[in-house]
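Me: I would like a close look at one part of this model, explained slowly. Please begin with how far the prediction can be trusted, and then turn to the sheet.

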Amino acid sequence: MMKGILKVLIYNKCIMTKKIEILYLENDPLDVKLVRLELTKARFEYNMRVVDNRINYEKELERYKPDLVLADYNLYGYDGISAMKYCISKDPDLPFIMITGSLDEESAVGVMKMGAWDYVLKENLHRLEPGIKNALKLRDEKLKRKVAFEELRKNEEKYRNLFENAGVGMFRAKADGSSFLAVNRKFAHLLGYRLEEIKEMKIPEIWWSREERDGMLKKLKENGVVEEYENRLRAKDGRMIRVLLSARYFCEDAFIEGSLLDITQRLKDELTREVIYNISETAHSSVNLKELLTTINLEVTRDRKSTRLN
């Protein structure tokens, strides 16, 4: 990504200073002179290195790092097509403009398909100015798109890592709540499934109560979001898992994304503390042993029932 950003910054600097670094592959001094004249007429501020053979061209392409390459179509001992292919292999984002004495329409189309950014006939060198401006503009747009795409890719990768390694169960599901699009390992572990198993399951299979599921979906679609909505899910071994569900409904993209926090043990601990507290209070206030034993029996029975349900 840094390489792409660097290219954009170099290009923006080039635009601000109006200095264009050009590598020109040409072995006819007169043609070089005519191209220089055309660039001067167009009021380009530029530096141009001229090479007339393959060895020097490949060397300068590596060393000079130009903003633009111009090349003659026909050269002694070399040719513009080969030069273009080499340029593309080194830097596909480097504009390459072919300059030729004669090129029929079919050949011109072939050159463009092979990777030339533009072509200019030597008898129409006035087209060099718009050709260069357009090529540099296209390069700028292309590099910015690449940087944006790379940034998006990195953000998606970062999000995917957060999703997969989150300390709570994470999921993405179809908008109708029928099946999963993605779940993380914590989600699968919470319900006692392997990741591959739960991805293939239908969501209603893990919901303890259809009414609870439908109620949650209704509230989610009405408000667009639910936060810490208490639900009961069914684990692989049949146990009831109590969770706090937080989710968001993405209407345009037709999916639901959310997280689950297992509160089963927390509720058990709260109930146990309540039982102990009730027994303790009865012990202090009871006037006879029978009342105390009755309270203990009721509280222990309530705790056991709750344990079986959970």
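What is the mean pLDDT of the protein chain, and what percentage of its residues reach 70 or more?

Reply: This is a predicted model, in which local features need pLDDT of at least 70 and side-chain atom pairs count only at pLDDT 80 or more, while totals for chains, interfaces and linings use all residues. Residues are numbered from 1 along each chain as its sequence is written, and side-chain values use heavy atoms, without hydrogens or water. The protein chain has a mean pLDDT (the predictor's confidence in each residue, from 0 to 100) of 80, and 80% of its residues reach 70 or more. Among its elements (DSSP runs numbered from the N terminus, helices being H or I with at least four residues and strands E with at least two), strand 3, residues 68-72, has the highest mean, 94, whereas helix 1, residues 2-17, has the lowest, 48.

Now for the sheet: five strands form an open sheet in the order 2-1-3-6-7, with parallel pairing (two strands pair if DSSP finds at least two bridges between them). Strand 2 (45-51) and strand 7 (118-121) are the edge strands, each pairing on one side only. Averaged over the sheet, neighbouring strands are turned by 25° against each other, direction ignored. At one edge, strand 7 pairs with strand 6 (residues 96-100) in the parallel sense over four bridges, and Tyr-119 in strand 7 is the bridge partner of Met-98.

Helix 4 (residues 80-90) packs on this sheet, touching (contact means heavy atoms within 4.5 Å) strand 1 (19-25), strand 3 and strand 6. The direction of helix 4 makes about 175° with that of strand 6, where axes are lines fitted to C-alpha atoms, for helices over the stretch in contact, and angles run from 0 to 180 degrees between N-to-C directions.
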